[in-house]
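Dear colleague,

Please find the structure below, with its sequence. I would suggest keeping it open while you read the notes that follow.

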Amino acid sequence: MWDTFFNLLTGLVMNKIHLKALTLLMALLVVLGSFNVIKAQEVRRPMKINTLERENFEIRYGMGLSTRYMWRGLDLAKSPTLEPYASILFHGFELSAYGVYGLYESAPKHPDFNEPENPGEINPVFLETIAFGEIISNLFYSFQANIGTISIGATDYYFPDRLVRQTETDTNGVKHIKYIKSRWGNWEGGGNGAHIIEAIVRYQGNSSFPAWLLIGYNIYNDPDNSLFTEAGYTFNILNNNFSLFAGGAIGGSAWYQFTIKNGVVQDGMGLTNFGFILNRELILNEGLSLDFSLMDVVNFYQERNTILFKVILRIQ
């Protein structure tokens, strides 16, 4: 009897010892695992760069969410958009890329999209809509002057989902039009390619004169060689930036939808981008911020007014 009781007691004690040992072992593994995670996080944490390096080299990226994509007075996406971006700055040079992606299929797929009064008058293919997509690539060089910052560069516009209109002339001089898929490798000119390249000059004033001026001229694949200019001025009101701006196309331009109105061919300047921006930046921590903007835009040529709200997460 005593042998049985002793064996039972011994078993319970040993089981408790094993249980404690197992518990200690698990706790040790958790601690070691946590230590390894901390080490891994420390390894993956970006290294801080000194002031001199930051002046010469920067990486910026982020994501924007907007109720509308208004580009120079044009509602191109006709829907809310997601707008990722990234840029690299090195000794005055800036290489950047912006994406614009509509959330709804409400943008025209066909380059000759024109909604008629009677839908039966036109092929339905011409009225097909897609979720808007655009990729904007920039290369700029900026330098400081006494009056502010001057930037000179070029921008490439590419619409991956929109059809490309191509015009060919046969041996008899007859023009034929066809529509092909937009391929990134299609760099044809004369209005037949998938890319439009614009030369841009920008001026950004300093804190004592916070004005800006932009001049953009399409130098490749735009038969109209469209010209756009815009100017603005920024005020500080109760910790908000309040900017007034006015801009438009100079001369007839299909690119800026400044062409024919009421049977009259447009010329001169079309005030297509007029309004204000109310903006505030919220700094979350070093290198991380949120940018909030409210914009009111009037396109006098299209007789259209649009108000939009935009949030951008900025990382640098």
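Asp291 is a convenient place to begin, because at 8% relative accessibility this residue counts as buried, a word used for residues under 20% relative accessible area, with exposed meaning over 50% and partly exposed in between (1.4 Å probe, protein chains only). Please keep in mind that this is a predicted model, in which local features need pLDDT of at least 70 and side-chain atom pairs count only at pLDDT 80 or more, while totals for chains, interfaces and linings use all residues. Residues are numbered from 1 along each chain as its sequence is written, and side-chain values use heavy atoms, with hydrogens and water left out.

Let us first take the chain as a whole. It has 316 residues, of which 31% count as buried, and it contains two helices and 18 strands (DSSP runs, H or I of at least four residues for helices and E of at least two for strands, numbered from the N terminus). If we take the contacts (heavy atoms within 4.5 Å) between residues at least 6 apart in sequence, 49% of them join residues at least 24 apart.

How many salt bridges does a search of the whole structure find? The search finds eight, where a salt bridge is a side-chain nitrogen of Lys or Arg within 4 Å of a carboxyl oxygen of Asp or Glu. One of them joins Glu198 to Arg72, with 2.7 Å between the closest N and O atoms. This pair links distant parts of the chain, since Glu198 belongs to strand E10 (residues 195–205) and Arg72 to the loop between strand E2 (70–71) and strand E3 (74–75), 126 residues apart. Both Glu198 and Arg72 are buried.

A second salt bridge is formed by Lys310 and Glu83, whose closest N and O atoms are also 2.7 Å apart. Lys310 lies in strand E18 (residues 304–315) and Glu83 in strand E4 (residues 81–90), so this pair ties together parts of the chain that are 227 residues apart in sequence. Here the two partners fall in separate classes of accessibility: Lys310 counts as partly exposed because its relative accessibility is 22%, whereas Glu83, at 10%, counts as buried.

Asp291, with which we began, meets the side chain of Arg314 in a salt bridge of 3.9 Å, N to O. Arg314 is in strand E18 and Asp291 in strand E17 (residues 288–299), so the pair ties together parts that are 23 residues apart in sequence. While Asp291 is buried, Arg314 counts as partly exposed, because its relative accessibility is 28%. Elsewhere, Arg68, Asp75 and Arg304 are joined into one network by salt bridges that share partners.

Finally, please look at Ser66, which lies in strand E1 (residues 57–66). Is this residue buried or exposed? Ser66 is buried, because its relative accessible area is 2%. Its side chain reaches the backbone oxygen of Arg68 at 2.4 Å, so you will meet here again a residue that takes part in the salt-bridge network with Asp75 and Arg304. Leaving aside its neighbours within four places in sequence, Ser66 is in contact with Pro80, Thr81, Glu83, Leu308, Phe309 and Lys310. Among these are Glu83 and Lys310, the two partners of the salt bridge between strands E4 and E18.

With best wishes

Terms used. Polar contact = N/O pair within 3.5 Å; in protein donor to acceptor, adjacent residues only side chain to side chain.
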